[in-house]
Amino acid sequence: TRWMQNGFMPEPVRVFCVAEAVDTRWRDIQIGAGILFDRCRMVDFAAPVSPQTRDDIRAWTQAGRELFHAG
């Protein structure tokens, strides 16, 4: 119980997410960014998606494309 007397407040850790696959060109950013998640790591850590959610994502994506191309 002694460890809880002053509260538990860990130091924050920065997380940097990018939508591309990270290669050696990202080395300097990785060093200063904290934890770097690239597209491949995000997919590895993602929870399985239900068929209904996949259908919802497809419908949302299609609606966005149609809206983008209509404007």
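## A walk from an aromatic pair to a buried aspartate

This structure holds one aromatic pair. The partners are F37 and F45, and they meet edge-to-face, with 6.0 Å from centre to centre and 90° between the planes. Keep in mind as you look around that the model is a predicted one.

How do those two rings sit with respect to the surface? F45 is exposed, because its relative accessibility of 66% is over the 50% cut-off. F37 has a relative accessible area of 24%, so it falls in the partly exposed class, between 20% and 50%.

Now step along to D38. You'll find D38 in the loop that runs between β2 (35-37) and α2 (39-45). Is this aspartate buried or exposed? D38 has just 4% relative accessibility, and because anything under 20% is classed as buried, that is where D38 goes.

So what does D38 touch, once its neighbours within four places in sequence are set aside? The contacts are V18, E20, A21 and V22. If you want to trace this spot on screen, start in the loop between β2 and α2, then pick out those four residues around D38.

Last, the cysteines. If you go looking for disulfides here, the count is zero. C17 is partly exposed at 48% relative accessibility, and C40 is also partly exposed, at 42%. Both get that label because their values lie between the 20% and 50% limits.

Terms used:
Residues numbered from 1 in each chain as written. Predicted model: local features only at pLDDT ≥ 70, side-chain atom pairs only at ≥ 80, totals over all residues. Heavy atoms only, no water. Phe/Tyr/Trp six-rings, centres within 6.5 Å; stacked < 30°, edge-to-face > 60°. Buried < 20%, exposed > 50% of the residue type's maximum accessible area, 1.4 Å probe, protein only. Helix = DSSP H or I, 4+ residues; strand = E, 2+ residues; numbered from the N terminus. Contact = heavy atoms within 4.5 Å. Disulfide = S-S within 2.5 Å.
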